[in-house]
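Could you take me on a walk through this structure, telling me what to select at each stop and what I will find there? I have the viewer open and am ready to click along.

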Amino acid sequence: MTELVDTALERIHSSANLADLEAVRVDVLGRKGVLAQLSKDMGKLTSEERVQRGKFINAAKQSLEGAYDALKAKFESEALAARLDAEWLDLTVPAPGPKRGALHPVTLIQWEIEDLFRSMGFSVLDGPEVETEHHNFDALNIPPDHPARDMQDTFWLEGHHLLRTHTSPVQVRGMEKLGPPLKMIAPGRVFRNESVDASHEHTFYQLEGMMIDKDVSVGNLIYFMKTLLTAIFHREVTVRLRPGFFPFVEPGFELDIRCLICGGPGCPVCKQSGWVELLPCGLVNPHVLRSSGIDPKEWNGFAFGLGLTRLVMMRYAIDDIRWLQSGDLRFLGQFA
Ligand code: FA5
C-alpha cells in the first residue's frame, strides 16, 4: 500500500505542467484513483484493520492532496509571472497621438488667393449653395427664356430654387449688400448636371471676383488676372484672351491657360486642344449694375469667374479632376 502511495506521489512530482498535473489528479485522486483502490476491500477487514486502514487512507489523502495543491500553486504562479512578463506595458511611454491630416489642395490654393486679394484690399464674401433663380440667373441678365441658361445644366429644386451653377450670384449679393465702390472675391462650391470626365465634375469650385469703382477698364482687369496667375504659378505661364459671351459682362473674355499637363500637344484634360478654359471675365454689363441698384452712369467694373478646381489641377499637374473628390488618402496625403 505504501508503495502504491509512493508511486502516486512520484507521478505527481514528475508532472511538467498544469495539464500533466490535471491528468495525474484524475488518475490518483479521482473516483478510480489510488485512494479509491485503498478503500475497495474495506468491507472484508476486521474493525481494527478498518481503523488502521482508515488512518492510512487519511494520511495518504493528505499527503497526495498536499503534494498536488503545492505543485498546482507553483505552476499557476509561474504561468502568471510569464503572462505578466509577456503583457508588460510601460504606462510612462508617451501616447503616439492622432495622425496629422492635410488640407485639401483646393483649400490650399483658395487660401493663397484669399490672402493675395485681401492684401489688395478685396473682401472675401460667402453665398448660399442653394440659390434663388433670381440671384443665379435673372439678376445676371439671364431671363427665363435666355439661351445662356442652357450653357449651365441646372439642378433645379422646388419653388424657383436651385443648386447654384456658378459663384456669380455672390456678385449680386455683394452689390446688394455693400454697394459701390466694391472689391470682392467669393470662392465656393458650384453644381452642374453634366457628365463627368477628366476635366468636368458635377460639383466643383469657382472663385468669383468683382471690382466696382469709377473708370474701371479692361487694363485693370488684365492687371488683376496677371497678378493672380503669377502669384499662383510662380513662373511664366502662357495665356490667351479671346472673346467670350456671358450676358452679365460686356465685353466678355475667355482667358485660357496653355495646358500644363501635356504642355501643349493635347491630352484628355485639355480635350486635345492644348488650352484649358480657366478664367472667364469681362466688364460688368450695365443691366446687372442697374438691377442691383447701382447707377451705371456713375459706376462701372469688372468681374471674373475663376475655375478654381481647374487651376488646382494646373498648379499640381493633376491629370484627372476626379482625383479631387475621390477621398483617396494616397492622393490627399501628398499635399500634407
Ligand atoms: C461661369 O460660370 C461664369 N459665371 C464666369 C464669369 C464670371 C464670367 C464673371 C464672366 C464674369 P463658365 O461656365 O465658363 O463661366 O465657368 C467658369 C469656369 O469654371 C470655366 O472656365 C472652368 O474653368 C470651370 N468649369 C466650368 N465647368 C466645369 C466643370 N464641369 N468642372 C470643372 N470646372 C468647370
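## A stop-by-stop tour

Begin with Gln272, where the relative accessibility is 53%, so the residue counts as exposed. Keep in mind throughout that this is a predicted model. Gln272 belongs to the loop between E7 and strand E8 (275-277). Check its backbone while you are there: phi is positive, about 65°, although Gln272 is not a glycine. Most residues other than glycine have a negative phi.

Next, select His234 for another positive phi, this one about 55°, again in a residue that is not a glycine. You will find His234 in the loop between helix H8 (218-233) and strand E6 (239-243). Is His234 buried or exposed? Its relative accessible area is 61%, so His234 is exposed.

**Two cis peptide bonds**

Stay with the backbone and go to Pro180 and Pro181. The peptide bond from Pro180 to Pro181 is cis, and omega is near -10°. Pro181 sits in the loop between helix H7 (169-178) and strand E4 (182-191).

Now jump to Glu250 and Pro251, which are also joined by a cis peptide bond, with omega about 0°. Here Pro251 is part of strand E7, residues 249-258. As background for both stops, most peptide bonds are trans.

**The ligand and its surroundings**

Select the ligand and show what lies around it. How many residues surround the ligand? There are 25, and the closest are His166, Ser168, Arg192, Glu201 and Glu277. The ligand takes up the space of the largest pocket. Strand E5 (203-213) and strand E10 (300-306) are the elements that give two or more residues to the shell around the ligand.

Turn on side chains and look at some polar atoms. His166 has a polar side-chain atom 2.8 Å from a nitrogen atom of the ligand. Glu194 also places a polar side-chain atom by a ligand nitrogen, at 3.1 Å. For Arg310, the partner is an oxygen atom of the ligand, and the distance from a polar side-chain atom is 3.5 Å. Taken alone, the ligand exposes 680 Å², and the protein buries 95% of that.

**The cysteines**

Now color the cysteine sulfurs. How many disulfides does the structure hold? The count is 0. Select Cys267 and Cys259 to see why: the sulfur of Cys259 is the closest cysteine sulfur to that of Cys267, but at 3.8 Å it is too far for a bond, because a disulfide needs the two sulfur atoms within 2.5 Å. Cys281 is in no disulfide either, and its nearest cysteine sulfur, again that of Cys259, is 19 Å away.

While these residues are selected, look at their surroundings. Cys267 is buried, with a relative accessible area of 10%. Cys281 counts as buried too, at 3% relative accessibility.

**Pairs separated along the chain**

For the last leg, set up some C-alpha to C-alpha distances. Start at Ala8, in helix H1 (residues 2-13). Ala8 has a relative accessible area of 4%, so it is buried. Draw a line to Val34: the two residues are 26 apart along the chain, and their C-alpha atoms are separated by 7.3 Å.

Move to Asn58 in helix H4, which covers residues 47-86. Asn58 is partly exposed, with a relative accessible area of 48%. Its partner for this stop is Leu35, 23 residues away in sequence and 9.0 Å away in space, C-alpha to C-alpha.

Go on to Ala186, back in strand E4. Is Ala186 buried or exposed? At 1% relative accessibility, Ala186 counts as buried. Ser123 is 63 residues from Ala186 in sequence, while the C-alpha to C-alpha distance is 8.5 Å.

Finish at Ile222, in helix H8. With a relative accessible area of 35%, Ile222 is partly exposed. Measure across to Met151: these two are 71 residues apart in sequence and 25 Å apart in space, C-alpha to C-alpha.

Notes:
Residues are numbered from 1 along each chain as its sequence is written. This is a predicted model: local features need pLDDT of at least 70, side-chain atom pairs count only at pLDDT 80 or more; totals for chains, interfaces and linings use all residues. Side-chain values use heavy atoms; hydrogens and water are left out. Buried means under 20% relative accessible area, exposed over 50%, partly exposed in between (1.4 Å probe, protein chains only). A residue is near a molecule or strand if one of its heavy atoms lies within 4 Å of it. A polar contact is a pair of N or O atoms within 3.5 Å; within protein, one must be able to donate a hydrogen and the other to accept it, and residues adjacent in sequence count only if both atoms are side-chain atoms. Accessible areas come from the Shrake-Rupley method with a 1.4 Å probe; for residues, only the protein chains shown count as cover. On a 1 Å grid over the protein atoms alone, a cavity is a set of points where a 1.4 Å probe fits but cannot get out, and a pocket is an open set with protein on both sides within 12 Å along at least five of seven lines; lining residues have an atom within 4 Å of a point. A molecule sits in a cavity or pocket if more than half of its atoms lie within 2 Å of its grid points. Helices (H or I, at least four residues) and strands (E, at least two) are DSSP runs, numbered from the N terminus.
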